[in-house]
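Here are a few exercises to work through with the model open beside you. Try each one before you read the solution.

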Amino acid sequence: MAAVLLCGSVMAQNPSPQPAPSPAAFTDRDAANLLAQVAEALQGHSQKKLLAIFDLSRMKDAASFQQQITSFFAQAESIRVHLNLAETSAEGENPAVGVDAEMEVEPTNGSAVSRKNERLNFVAV
């Protein structure tokens with residue numbers, strides 16, 4: 001299980017002349033959009049895009065996370081990922097997202113393809 005912070009805008013845009021927009025409820029669609037960004041960054045082998053999705057300033061052990069991502073991308077020739085939204089919870093201050101993740105990684109050293117299935121938990125801000 002992993003817990004990370006994702007950045008994402010879930011503010012409602014109110015077309016009527018109200019004083020200020022209010023936060024909208026975090027929806028499955030919001031979660032799916034964030035997961036699509038994660039999958040695209042991984043499959044596109046873009047460390048920069050992947051790290052930009054996370055709010056590293058609020059993440060515990062962010063430096064270690066960045067090092068792990070750097071090492072992962074350096075060791076992965078190709079990455080295929082499927083992220084299936086399993087659940088969302090908009091309870092409390094920050095919404096949570098449960099994801100069933102399947103990943104297949106072809107290493108740069110030519111060894112056998114690695115496959116992993118995990119349940120991941122994200123906290124969106």
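**Exercise 1. Decide whether Glu-104 is buried or exposed, then find its salt-bridge partner.**

Step 1. Start with the accessible area: Glu-104 comes out at 18% relative accessibility, so it counts as buried. The cut-offs are under 20% relative accessible area for buried, over 50% for exposed and partly exposed in between, with a 1.4 Å probe and protein chains only.

Step 2. Now look for a partner. Glu-104 forms a salt bridge with Arg-115, and their closest N and O atoms are 2.8 Å apart. That term needs a side-chain nitrogen of Lys or Arg within 4 Å of a carboxyl oxygen of Asp or Glu.

Step 3. Place the pair: Glu-104 sits in strand β3 (residues 96–107) and Arg-115 in strand β4, so the bridge ties together parts that are 11 residues apart in sequence. Strands (E, at least two residues) and helices (H or I, at least four) are DSSP runs, numbered from the N terminus.

Step 4. Check the partner: Arg-115 is exposed, at 61% relative accessible area. Arg-80 joins in too, as Arg-80, Glu-104 and Arg-115 are linked in a network of salt bridges.

A word on the ground rules: this is a predicted model, where local features need pLDDT of at least 70 and side-chain atom pairs count only at pLDDT 80 or more, while totals for chains, interfaces and linings use all residues. Residues are numbered from 1 along each chain as its sequence is written, and side-chain values use heavy atoms, with hydrogens and water left out.

**Exercise 2. Work out which strands the Arg-119 and Glu-87 pair ties together.**

Step 1. The side chains of Arg-119 and Glu-87 meet in a salt bridge at 3.0 Å, N to O.

Step 2. Arg-119 belongs to strand β4 (residues 114–124) and Glu-87 to strand β2 (residues 76–89), so the contact ties together parts 32 residues apart in sequence.

Step 3. Arg-119 is partly exposed at 33% relative accessibility, and Glu-87 is partly exposed at 44%.

**Exercise 3. Find out which residues of helix α3 are buried and how they are arranged.**

Step 1. Ala-62, Phe-65, Ile-69 and Phe-73 are the buried ones in α3.

Step 2. Down the helix axis, the buried residues of α3 fall within an arc of 65°, so they line one face. The arc is taken from the directions from the helix axis to the C-beta atoms.

Step 3. Turn to the other side of α3 and you meet exposed residues, including Gln-67, Gln-68 and Gln-75.
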